[in-house]
Amino acid sequence: MLYPPTRVCDRPFCTNPRLLRDKDEHKVVTVFTLDRGVLQGFRVKLYCNACRTYYRHDYAVHQGVRTYYAGYPEYVEVALHTYIEVRLLRLFTALTLLSWTSATNAAHVYHEVLSLLSGPDRHKACYKLRPEHVWDGFTALALLRDADERSYAMELPHTGEQRSRFTVAMEARNAHMRCAGQPEFNHWCERCHRRYNEPDGSVAYVDALVCDGIEMGRPCCSVPHCTMPLASTQDRFCPGHSDQALLCVVDCCSAPAQEGHKTCSDPAHRALEDRFDLQNKAQFHLRDRLQRNHPGQASDSLRPDAPSDDIIEVDASQCPEKPDVGHKVRAAFGRTHTHNEQLFVRPCGMIPARETCHTSESIRIVLEFFRKYFPDPRYMPRFLVYDNGCRLYQHLEKAGDPLKDEVAFPVDVFHWKCKHKKSDDACSIHCNPYSFPELLAEDGDGWFFNTSIAEQTNVWFGGFHAIVREMTATRFDFFLDEMIKQRNALTRDSLEAAGWTPGARV
């Protein structure tokens with residue numbers, strides 16, 4: 001029996017002292033548990049006649065708004081008459097965090113291993129855990145955790161479709177993350193901050209931040225640099241640029257597309273569309289398409305499918321089986337995905353912030369992200385390690401920006417040795433990691449900070465590629481921020497266990 005946690009109305013605007021009444025007959029519900037399999041139970045709904053609030057197991061409803069109780073319920077409602085045990089949701093979250101398990105595969109695992117179903121019950125629809133149940137349970141638990149940590153009451157609309165129930169709450173959490181960064185944004189520990197003795201005997205404290213990008217993304221508007229979300233992940237353009245869908249898909253062509261085609265009447269453009277249609281059906285193209293999207297694992301292990309087409313570059317003069325040489329005409333026959341995710345990582349492994357590069361990763365965009373999260377020079381890191389730090393330094397020097405004197409931009413040691421010109425002043429002097437004795441280890445052999453941590457972190461972060469590639473903008477940001485938040489919590493635990501005294505910078 002799933003009872004509300006109170007028998008009297010606890011709304012602050014209600015003074016009714018009487019016991020709550022049963023609203024209607026007890027409803028039969030399906031409950032997915034961690035160690036008892038799939039169960040059938042009853043949901044009890046109580047009602048306050050004075051303020052017209054009714055109470056369920058995990059929330060109260062008043063005037064069309066769900067207000068969740070403080071803390072964590074034992075079970076979370078994920079659909080009408082469907083509940084998941086919180087312990088099971090924590091397991092799903094851990095599987096996603098540590099082994100990149102998608103909601104679809106989590107549902108498969110549960111049905112095959114934990115459901116404890118046998119015989120005809122295995123095929124009953126009401127006993128089948130669906131991927132949307134896992135996603136909604138994951139989202140509800142993450143929002144409840146956020147509400148508990150930030151001391152606010154989680155509210156959701158009680159009416160409307162289930163698929164959009166969490167949207168406003170996710171957008172609010174996303175906005176908070178973009179504004180304040182991760183909870184560990186002000187992280188401090190002895191692995192990413194150093195007490196350093198200056199040559200004159202004075203004591204200084206230095207810290208480092210590493211920046212790097214990884215190519216993974218979600219569907220976005222095909223107009224370059226447009227950040228407006230799509231109405232549907234199947235659209236090529238956002239609502240503000242929907243008129244572009246009527247034009248020829250070849251770059252730099254503004255002629256209207258012909259009916260039944262994606263290109264205009266230009267024979268050369270029509271030939272590209274014919275070549276695209278031919279390639280799209282060919283086995284070699286399916287192979288190349290899979291390699292281009294390089295998913296680490298299938299989002300559905302029982303029904304693996306090739307990723308959908310994105311930007312397709314067609315060269316009418318070359319055979320597709322030969323190396324890509326010569327001039328190419330770029331045509332967007334499919335959808336566009338965001339370019340990459342930019343991570344800011346502390347040398348200890350803590351991730352204070354993440355941002356999406358929609359069209360490209362440029363010096364200007366990286367600098368914009370950095371200033372967004374560190375507007376006050378007093379809290380800027382002493383070192384920002386960036387693979388293209390020399391070009392970033394040159395950009396600041398050309399603009400006369402004082403930031404180049406406040407923050408040093410050394411290049412990661414591996415990249416500096418292998419990919420940068422030693423004859424360039426920016427590379428050989430201003431961004432040479434050997435130019436900064438604060439970065440060297442105590443004995444002068446090796447390095448105090450792990451400046452390759454961002455690329456190491458990207459190995460983990462890139463595992464979510466197959467999971468997020470079809471997400472909406474809101475869910476994409478919410479999911480990745482939550483994964484980073486959970487990973488930061490594990491990183492903090494490991495730093496504490498190793499004696500690195502993690503704390504918060506004041």
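A surface patch here is made of residues with over 30% relative accessible area and no salt bridge, and nonpolar side chains are joined into one when they lie within 5 Å. Keep that in mind as you look at this predicted model, because Met1, Tyr3, Val28 and Phe42 form just such a nonpolar patch on the surface. After the patch, we'll head inside to a pair of cavities, and then stop at a histidine.

**On the outside: the nonpolar patch**
- Together, Met1, Tyr3, Val28 and Phe42 offer about 390 Å² of accessible area.
- One of these residues, Val28, sits in strand E2, which covers residues 27-32.
- Is Val28 buried, partly exposed or exposed? Its relative accessibility is 45%, so Val28 counts as partly exposed; the partly exposed class lies between the 20% and 50% cut-offs.

**On the inside: the largest cavity**
- How many cavities of 30 Å³ or more are there? The count comes to 2.
- The largest cavity has a volume of about 70 Å³.
- Its lining is made up of Leu89, Phe92, Thr93, Thr96, Ser102, Ala103, Val134, Trp135, Phe138 and Phe479.
- Two helices, H1 (86-99) and H3 (131-150), each give at least two residues to the lining of this largest cavity.
- H1 supplies the largest share of that lining, with 4 residues.
- Sorted by class, the lining of the largest cavity has 7 nonpolar residues, 3 polar ones and no charged ones.

**On the inside: the second largest cavity**
- The second largest cavity has a volume of about 40 Å³.
- Around the second largest cavity you'll find Val210, Cys211, Asp212, Val385, Asp387, Asp412, Thr451, Ser452, Ile453, Ala454 and Glu455.
- Strand E13 (203-214) and helix H12 (453-461) are the elements that give two or more residues to this lining.
- What classes of residue line the second largest cavity? There are 5 nonpolar, 2 polar and 4 charged residues.

**A residue to look up: His133**
- His133 belongs to helix H3, one of the helices that help line the largest cavity.
- Why does His133 count as buried? Its relative accessibility is 3%, and buried means under 20%.
- His133 and Ala103 are 30 residues apart in sequence, while their C-alpha atoms are 8.4 Å apart in space.
- Ala103 should ring a bell: it is among the residues lining the largest cavity.

How values were computed
Residues numbered from 1 in each chain as written. Predicted model: local features only at pLDDT ≥ 70, side-chain atom pairs only at ≥ 80, totals over all residues. Heavy atoms only, no water. Patch = residues over 30% accessible without salt bridge, like charges linked within 9 Å, V, L, I, M, F, W, Y side chains within 5 Å. Areas by Shrake-Rupley, 256 points an atom, 1.4 Å probe, with all protein chains shown as cover. Salt bridge = Lys/Arg side-chain N within 4 Å of Asp/Glu carboxyl O. Buried < 20%, exposed > 50% of the residue type's maximum accessible area, 1.4 Å probe, protein only. 1 Å grid on protein atoms, 1.4 Å probe; cavity = no way out; pocket = protein on both sides within 12 Å on 5 of 7 lines; lining within 4 Å. Points joined across faces, edges and corners; volume = space filled by probe spheres on them. Nonpolar A, V, L, I, M, F, W, Y, C, P; charged D, E, K, R; others polar.
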